[in-house]
Amino acid sequence: MSRQYPVIFDKCPLCGCKERLIEEAVNEEIAKGRINPGMEFGLEAPTASVLWDQTKPSLQAPGIIPMKDICAECGFPYYRKIQKVEMPVTRLIPPKPQQPPFLRGM
Ligand SMILES: [Zn+2]
């Protein structure tokens, strides 16, 4: 059975509190209209782990993106949401060497 994403951890693994500081601050800014609803922020800028074998040419590869927050009760930082997305990897493929136009057909 394949895992369903996003994987959500809805409470602090240390104390069980369900309130998080960054999520709370973002919701306050959404309420003020300074951030659009649906925007997500984490403790660190999200960095994807791209699961791509560079010896296999591909246009896309799965990426795992973790979102970290801080427990409002005890301050423990933990991942509250892990997403899996398809990411373009074309820019990582080295361009094919091109022949100058005058050599074509020779
Ligand atoms: Zn906690």
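This passage describes the strands of a predicted model and how they pair. Because the model is predicted, local features are reported only at pLDDT of at least 70 and side-chain atom pairs only at pLDDT 80 or more, whereas totals for chains, interfaces and linings use all residues. Residues are numbered from 1 along each chain, following the sequence as written.

Strands are DSSP runs of type E with at least two residues, numbered from the N terminus. Two strands are taken to pair if DSSP finds at least two bridges between them. By these criteria, 4 strands form an open sheet with antiparallel pairing, and their order is β1-β4-β3-β2. Strands β1 and β2 lie at the edges, each pairing on one side only.

Within the sheet, β3 (residues 60-70) is joined to β4 (residues 77-88) by 11 bridges, and these two strands run antiparallel. Residues that stand opposite each other include Ile64 and Lys84 of β4, as well as Ile65 and Gln83 of β4. The two strands β3 and β4 form a hairpin, with 6 residues between them. In the turn of this hairpin, Gly75 has a positive phi of about 80°.

Strand β3 also pairs with β2 (residues 49-50), again in the antiparallel sense, over 2 bridges. In this pairing, Val50 has Gly63 of β3 as its bridge partner.

A further feature is found in the segment before β1 (7-8), where Pro6 is located. The peptide bond between Tyr5 and Pro6 is cis, with an omega of about 0°.
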